[in-house]
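User: I'm new to this one and would like to learn how to read it. Could you walk me through it feature by feature?

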Amino acid sequence: MSKENRLISFTALVFVLITQFSYALSAQIIEAKIKIESKTPTVIEIQGVNLDADSLQNVKNFSFTQSYAGVENLGERVSDVDLSDENKRKIEYKKLIAGEFLAEKPFVFWNYKVKADVPTNYAAMSRVSWISAEQGILMFGDLLPQFNTKNNAKIRAKISFELPKGWKIASSEKKSGENTENTFEVSDVEKAVFYIGKNWREREISVGNSKINFIISGERQFSDAEAFQMADEIFGFYLKMFGAIPNQKAQIFLGKFPAEATFGRWEAETRGASITIFSAEMPFKTQSLQRLHEQLRHEIFHLWMPNNLNLSGNYDWFYEGFALYQALKTGVAVNRLRFEDFLDTLARAHGIDSLQSQKVSLIEASKNRWNGANTQIYARGMLAAFLCDVAVLRASKGKNSIADIFQQIYRTHRQPNPQREGNSAITDILQTREELRPIIEKYIKGAENIAWQTDLEWFGIESAEENFQTKLKVKAKLNNRQKDLLDKLGYNNWRKLSESSR
Ligand SMILES: [Zn+2]
């Protein structure tokens, strides 16, 4: 066949595929069918096709994510790779390493299998794809091949699923047309997450213009209604704080670990608009509820930051440290956390940061998050957030707070604003407030010991050593300025709430 003829037949084929299967307004770059059989549920069979060859680059490389968030050797799960051209003629390829293949020429069709056993590492269970006898989580970041697009465009895809009988599927991705239960239009393959399985309960919660689908699987000490109500309250709180919704649809999945887990163990991940939480029970119901509230306060924050910011690079110190701090503050604001616990957590973080023998700046530490710098990023990042909050409250005499910083960052860098490097984008915004400049220099860009005595004093908080640990306490005698500022941090919040409910 001449080159021209081949081109025509290829175009015709793509045209047929598009008209047959796609109702989308924006063109899909790839299409794939994902098949899971009940006989062998952990083996996933995937058949895909490149629909838009013009958007893709180097279509001779067929490769998969090798590691994610500290989980290694993901490529080893890929087998039975079969690549072919537009006429379904086989194309030879070389296996370079596990999960990385080089074809002799550009391919159009790609079939392969993934063995998605439950990972042995608990942290991996919320971060990579796996399937057990009753449930599974499919994360396209590791399940689908990594294609390069021109201009680094996101890969849009049309994906259909064939699941064992009786299994359900849920996702924040859009369903493709009416009456197509198991077909979705995925807007960004890298971020897409699908939950599959049976025996789960779900509810759709509407907050503002946003819909949250909340799935709970496994028996819990608390009722489903209690969990749904929490998500509603927390999402509503952040919606007010940020001033705009992050996504039209978000998905929350709360499940039991697919393996035996000790009391209190949990792992969570928020990717795109999907929150995955695996959590074992605590000894008492009140503790389990407290724990869930804590998880939701932190993970729901991530729907806005970093997930809906168009920022790149490792600026984890900001979106983890500041999320941790805001989650704490939210806990006090909605009366789930005592102000004493708020202070205790800050004191513990200060203790962790002071003990670091090798101090590095937050920006340095963020480059190394999955190699041991994690605790430091969380502890020091949270302290930096607290100091920013305190500095802004102090400079504005209580009129502004960290919420104004969040709003400004969200407004400036939310999708679809142009992409910026995260560290410089965030520090540029912090820099606009004079009172934050010393914090950036000393603690964010610098590796100095955190000296917070003057700030604490200004707010009427004293620190004392008890059993070799720093304890923070509100002073017995407070002046009016201190009372006002402490109230802005959430002190006396329970009193205000109980008065207003009378
Ligand atoms: Zn986080």
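Analyst: Let's go through a metal site, some aromatic rings and one residue's surroundings. This is a predicted model, where local features need pLDDT of at least 70, side-chain atom pairs count only at pLDDT 80 or more, and totals for chains, interfaces and linings use all residues. Residues are numbered from 1 along each chain as its sequence is written, and side-chain values use heavy atoms, with hydrogens and water left out.

User: Which atoms coordinate the zinc ion?

Analyst: Donors are N, O and S atoms within 2.8 Å of the metal (3.2 Å for Na, K and Ca), and sites may look incomplete because water is not among the atoms. Here the zinc ion is held by NE2 of H298, NE2 of H302 and two OE donors of E320, at 2.1 to 2.7 Å. Along the chain, the donors follow the spacing H-x3-H-x17-E. H298 sits in helix α4 (residues 285–304) and E320 in helix α5 (residues 316–333), 22 residues apart; helices are DSSP runs of H or I with at least four residues, numbered from the N terminus.

User: Why is the arrangement of the four donor atoms irregular?

Analyst: Ideal angles are 109.5 degrees for four tetrahedral donors. Four donors count as tetrahedral if all angles lie between 85 and 135 degrees, and as square planar if opposite donors are over 155 degrees apart and all others between 65 and 115; anything else is irregular. Around this zinc ion the angles run from 52 to 146°, so the arrangement is irregular.

User: Are H298 and E320 buried or exposed?

Analyst: Buried means under 20% relative accessible area, exposed over 50%, and partly exposed in between (1.4 Å probe, protein chains only). Both H298 and E320 are buried.

User: What about aromatic pairs?

Analyst: You describe a pair of aromatic rings by the distance of the centres and the angle of the planes. Rings of Phe, Tyr and Trp (its six-membered ring) pair if their centres lie within 6.5 Å; planes under 30 degrees apart are stacked, over 60 edge-to-face, and the rest tilted. That rule gives 43 aromatic pairs. In one, the rings of F242 and Y410 have centres 5.4 Å apart and planes at 55°, so the pair is tilted. F242 belongs to helix α3 (residues 224–242) and Y410 to helix α9 (residues 402–413), 168 residues apart. F242 and Y410 are both buried.

User: Which residues does A391 touch?

Analyst: Contact means heavy atoms within 4.5 Å. Leaving out residues up to four places away in sequence, A391 touches E435, L436 and I439. A391 lies in helix α8 (residues 374–395) and is buried, at 11% relative accessible area.

Methods
Tetrahedral: all angles 85-135°; square planar, octahedral: opposite > 155°, others 65-115°. Helix = DSSP H or I, 4+ residues; strand = E, 2+ residues; numbered from the N terminus.
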